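Q: I've got a model open and I'd like to learn how to read it feature by feature. Can we walk through it together?

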Amino acid sequence: MTQDAAVEQQRPPAGIPSFDDDLHVDAVLVDPFPTYAKLRDAGPVVWLEKYGYYACARYDEVSSVLSDWETFTSREGVGFNQFFNGITETSLQTEGDHHDEIRQVEGCPIKKGPLEELKPRLKDFAENLVESLKGKDHLDGVADVAMAMPIEIVTDLVGVEGVTQEQMFKWGVAGFDSIGPLHAPRTQPALETMMGYMEFADENFPSNVREGGWADQLFKNGAAVGWPEDFARGVMNDYIYPSVDSTISAIGIGLLLFAQHPDQWDRLRADRSLLTSAIPEIVRLASPLQFFTRVATKDTEIAGVAIPEGSRVVVMYGSANRDDRKFENPDSFDITRDPAGHLGWGRGKHACLGKPLARLEMITLFNVLADNVERFHAGKYRFQPNNIIRSLGELELSITWAQEN
C-alpha cells in the first residue's frame, strides 16, 4: 500500500486536534516555528491529516516517547516512507540486543580514548583554519567555516579510499532528504542518490577502506561478532548519513547566533568555561534534526490520548526544544542557561551516537575562534530546505579580528 493510499484510508481520530499542514514544503522547512507553536498550543497530541500520523510537539510528550523504545519502536523505521523505513542494518532502526550490539561495534572509534587522541589534531585544524581566514575580508560562514572541520576531518576518519569530501556531503544531504514522505519533491531524487551510494558501497566496501579508519574498524569488529560483509556494509550508513551534516548545521547556526547576539560572544570570550553550556544552548536552538517518527507496538496512550497499536507518531525535536513549558524564554539565546534535558541530540537508546565527537568539534572550534575573533558581523543568510535537517545554506560573514597582544 502506498503512503497516499494509507492516508486516504485513515480518518482523523475523534477528539484530537487535526491539522492539514504539510511539514515538508519549503516555507515550513526553513521556518517551522509558527507551525510548531500552533501544534503545541493545540494539545499534547495532534493528528496530521497530510500524513495520517499522530504528532507530539510539546517537550514532555516528545521526551516520553523517545525514552520508551519498547512502546514506541524505531524497528518499523523512523522515516516517512516505506523505502527508508525498510533499511534494517542501522542502529537507528533496530531495537533490543541487536541494536545494542550494532551501537557497541560502530561506536568504538568515538569512545573516550580515541577522542582524547583526536583533540590535538582538532585544535591544530581549528588554528590553521582561523589563520587562513584572516586574509579574507568577507566569508561564507557555512562553506568557509562551518563545513571545514566536519567535512575534512570526518571524511578522513571514516577512511574510504576515493571518496571525496563533496561526495560525503552530498550523501549526507541526500540521506536526510531520503527520510521524507514520498509526496515531498526532494524525497525521490534523494532515494535515487542513495541507491547510487549503495552501488558504490557494494563495489568498494571493504576492499577500498583504509587500514585503521572507522570503516576498517567496523568491518573487522563486525566480523569478530559474526557479521557478514553485507550486514557491515549496511551499518556503514550510520557513518555516511549523519556524521557531518548535523554538526555543520549546529556550527553554522552557532555563528549566526553569536553574530546576532554580540553580548553572548563577549561573555564567551571572557569566560571559556561557558563553552560547556554554550554548545548545548546552540544545539537546543538549532535542533539540526527537526523530527523523526516512531510506531506504537501496542495500544497505549500519550498524555491520556489513546494511541492504537501500529500508529506512527511524529516526534518533533525542534518544537520540543522551543516549548516554554520546559524552557523559560525558549526563543532567546542565553549561553548561561542550563539547557539540561534539551533534545537536540535526541534521548534514550537512539540518542545521537556521534554526540561526543560533535561536541568536541564545536568546543574546539569556538574556543579557537574566541581567541581570535572580536566580533562576527552577519549579512544575508538563507536556510537550505531539507526533509529532516535544518541548516543554513549560506551565511555572509565578516569578522573583526582581535588585536594580538
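A: Sure, let's start with a pair of strands: E6 (residues 291-296) and E9 (residues 312-316) run antiparallel and are joined by five bridges. Two strands count as paired if DSSP finds at least two bridges between them. Helices (H or I, at least four residues) and strands (E, at least two) are DSSP runs, numbered from the N terminus. Before we go on, this is a predicted model, so local features need pLDDT of at least 70 and side-chain atom pairs count only at pLDDT 80 or more, while totals for chains, interfaces and linings use all residues. Residues are numbered from 1 along each chain as its sequence is written, and side-chain values use heavy atoms, with hydrogens and water left out.

Q: Which residue in E9 is the bridge partner of Phe-292?
A: That's Val-315.

Q: What is the strand order of the open sheet?
A: Six strands make up this open sheet, in the order E1-E2-E3-E9-E6-E4, and the pairing is mixed. Strand E1 (18-19) and strand E4 (72-73) stand at the edges; each has a single partner strand, so one side of each is left without a neighbour in the sheet. Helix H4 (residues 59-67) packs on the sheet, where it touches strand E3 (53-56), E4, E6 and E9. Touching, or contact, means heavy atoms within 4.5 Å. The direction of H4 makes about 120 degrees with that of E9. For such angles, axes are lines fitted to C-alpha atoms (for helices over the stretch in contact), and values run from 0 to 180 degrees between N-to-C directions.

Q: How do I read burial, say for helix H9: is it mostly covered or mostly open?
A: Go by relative accessible area: buried means under 20%, exposed over 50%, and partly exposed in between (1.4 Å probe, protein chains only). Helix H9 (residues 148-158) is mostly covered, with nine of its eleven residues buried. Among them are Met-149, Ile-151, Ile-153, Val-154 and Leu-157. Right after H9 comes Gly-159, and its phi is positive, near 75 degrees.

Q: Now the charged pairs. How many salt bridges does a search of the whole structure find?
A: The rule is a side-chain nitrogen of Lys or Arg within 4 Å of a carboxyl oxygen of Asp or Glu. With that, the whole structure gives 20 salt bridges. Take Glu-127 and Lys-123: their closest N and O atoms are 2.6 Å apart. Both sit in helix H7 (residues 112-133), four residues apart, which is about one turn of the helix. Glu-127 is partly exposed at 31% relative accessible area, and Lys-123 is partly exposed too, at 44%.

Q: Where do Arg-233 and Glu-229 lie?
A: They lie in helix H13 (residues 229-235), again four residues apart, about one turn of the helix. They form a salt bridge whose closest N and O atoms are 3.6 Å apart. Arg-233 counts as buried at 10% relative accessibility, whereas Glu-229 is partly exposed at 46%. Elsewhere, salt bridges that share partners join Arg-121, Asp-156 and Arg-210 into one network.

Q: What surrounds an arginine such as Arg-284, and is Arg-284 buried or exposed?
A: Arg-284 is buried, at 0% relative accessibility. Its place is in helix H17 (residues 275-286). A polar contact of 2.9 Å joins the side chains of Arg-284 and Glu-281. A polar contact is a pair of N or O atoms within 3.5 Å; within protein, one must be able to donate a hydrogen and the other to accept it, and residues adjacent in sequence count only if both atoms are side-chain atoms. Leaving out residues up to four places away in sequence, Arg-284 touches Asn-321, Phe-327, Pro-330, Ser-332, Arg-337 and His-342.

Q: And why is Cys-108 not bonded to Cys-352?
A: A disulfide is a pair of cysteine sulfur atoms within 2.5 Å, and by this rule the count is zero. The closest cysteine sulfur to that of Cys-108 belongs to Cys-352, and at 17 Å it is too far for a bond. Cys-108 is partly exposed, with a relative accessible area of 23%, and Cys-352 is partly exposed at 30%.
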